[in-house]
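Q: Please give a close account of one packing contact in this model. Please then set that contact in the context of the rest of the chain.

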Amino acid sequence: KTAEANDLEARLKARDSAPNFDEKYRAAMQSAIQAITQRRFSEAEASTRDAIAIAEKFQPIDGRLPEAVGQLGNVYIWRLEYAQAKKAFNRQLALVETLYGPQSPLLATPLQNLAMNALAQKDYPSSEKLLSRALELNVKATGENSPATANTLQQLAQLYFLQQDFAKTETIFLHIIEIYGVMYGADDYQFAGPLTGLCYLYDQWGKPEKSEPCYARLVALEEKQFGANSPNLARDLTAEAQALRKLGRPDGASKLEQRMQALQSAQTNPN
């Protein structure tokens with residue numbers, strides 16, 4: 001990974017020659033993130049522009065500049081200024097490609113930024129094209145079973161769900177769950193994230209025969225993580241019971257509802 005090594009060497013050289021610049025850059029970026037969190041977008045833009053100005057002083061240019069430019073795009077996204085966001089993310093993409101090459105997995109970040117910007121404008125074809133390229137880069141660099149690949153697949157699932165292409169969304173979620181199985185093991189609570197998305201998909205799709213076992217698996221994960229008497233189980237027990245009723249299984253639904261009520265009662269009257 002020669003390009004990444006050269007980038008790190010350049011950062012070290014720049015840090016040694018101007019140690020305060022990196023501190024100022026990090027402070028500006030942190031200020032921008034804090035301002036975004038507090039929805040003070042004008043301040044976030046000002047701090048991000050400060051970070052960009054500092055990053056442009058580093059010679060040779062390194063990864064800090066595309067990082068800051070991408071942050072500016074995020075500010076515009078929050079302000080719903082999609083044309084400005086696209087301009088920033090395109091600059092980020094060009095910078096990363098210049099620094100690391102056209103096949104670098106680091107291109108996935110600006111590609112995904114551009115895809116989410118397109119998705120916000122319901123430009124589904126552009127979003128799918130960008131995410132497909134990001135997925136290809138991530139798979140090539142990190143393999144099928146990696147967090148980077150799973151993250152891009154999550155965004156593809158969101159894209160297909162918004163188009164109400166539930167069959168494709170299901171396929172993507174099942175793929176993500178397979179990846180999580182390789183990365184974490186079959187009973188790890190990390191599964192709760194994609195499994196929750198899958199269960200919600202089945203609800204919206206009107207597939208209680210699929211949502212019931214999905215919620216049952218989710219409840220089992222929560223029992224292992226929080227304990228069988230945890231109030232954290234209540235929401236998914238309710239959803240599982242609703243699926244059972246839709247399937248014409250009221251007895252099973254009643255048992256789950258009684259359990260849920262007992263959990264809620266114990267929370268209200270702990271003594």
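A: A crossing is called left-handed if the near helix is turned anticlockwise from the far one by less than a right angle, and right-handed if it is turned clockwise. The model is predicted: local features need a pLDDT of at least 70, side-chain atom pairs count only at pLDDT 80 or more, and totals for chains, interfaces and linings use all residues. Residues are numbered from 1 along each chain as its sequence is written, and side-chain values use heavy atoms, with hydrogens and water left out.

The part chosen is the packing of helix α9 on helix α10. Helix α9 covers residues 166–184 and helix α10 residues 192–205; helices here are DSSP runs of H or I with at least four residues, strands are runs of E with at least two, and both are numbered from the N terminus. The crossing of α9 and α10 is left-handed. Their axes lie 9 Å apart, at an angle of about 160 degrees. Such axes are lines fitted to C-alpha atoms, for helices over the stretch in contact, with angles from 0 to 180 degrees between N-to-C directions. Under 35 degrees counts as roughly parallel, over 145 as roughly antiparallel, 65 to 115 as roughly perpendicular, and the rest as oblique. The two helices α9 and α10 are therefore roughly antiparallel.

Contact means heavy atoms within 4.5 Å. On the side of α9, the residues that meet α10 are Phe-166, Ala-167, Thr-169, Glu-170, Phe-173, Leu-174, Ile-176, Ile-177 and Tyr-180. They face Pro-194, Leu-195, Gly-197, Leu-198, Leu-201, Tyr-202, Gln-204 and Trp-205 of α10. Sorted by class, this contact comprises 13 nonpolar, three polar and one charged residues. Ala, Val, Leu, Ile, Met, Phe, Trp, Tyr, Cys and Pro count as nonpolar, Asp, Glu, Lys and Arg as charged, and the others, Gly among them, as polar.

Helix α10 also takes part in a covalent link. Cys-199 is joined to Cys-214 by a disulfide with an S to S distance of 2.1 Å, where a disulfide is a pair of cysteine sulfur atoms within 2.5 Å. Cys-199 belongs to helix α10 and Cys-214 to helix α11 (residues 208–226); the two cysteines are 15 residues apart and link distant parts of the chain. The torsion about the S-S bond of Cys-199 and Cys-214 is about -100 degrees, so this disulfide is left-handed. Both cysteines, Cys-199 and Cys-214, are buried; buried means under 20% relative accessible area, exposed over 50%, and partly exposed in between (1.4 Å probe, protein chains only). The rule yields a count of one disulfide.

Just before α9, Gln-164 occupies the loop between α8 and α9. Gln-164 has a positive phi of about 60 degrees although it is not a glycine, and with a relative accessible area of 60% it is exposed.

Helix α7 (residues 124–142) and helix α8 (residues 147–162) offer a parallel case for study: their axes come within 9 Å and cross at roughly 160 degrees. This makes α7 roughly antiparallel to α8, and the crossing of α7 past α8 is left-handed. The contact of α7 with α8 has eleven nonpolar, six polar and one charged residues.

Asn-138 sits in helix α7 and is buried, with a relative accessible area of 5%. Neighbours within four places in sequence aside, Asn-138 touches Pro-105, Ala-108, Gln-112, Gly-143, Ala-148, Thr-149 and Thr-152. In the loop between α6 (108–120) and α7 lies Lys-122, whose phi is near 60 degrees, a positive value in a residue other than glycine. Lys-122 is exposed, at a relative accessible area of 63%.

Towards the N terminus, the peptide bond from Gln-59 to Pro-60 is cis, with omega near 0 degrees. Pro-60 is located in the loop between α3 (41–55) and α4.

As for the whole, the protein chain comprises 13 helices and zero strands. Its C-alpha trace spans about 70 × 45 × 35 Å along the principal axes. Of the 271 residues in the chain, 42% are buried. Among contacts with a separation of 6 or more, 55% are between residues 24 or more positions apart.
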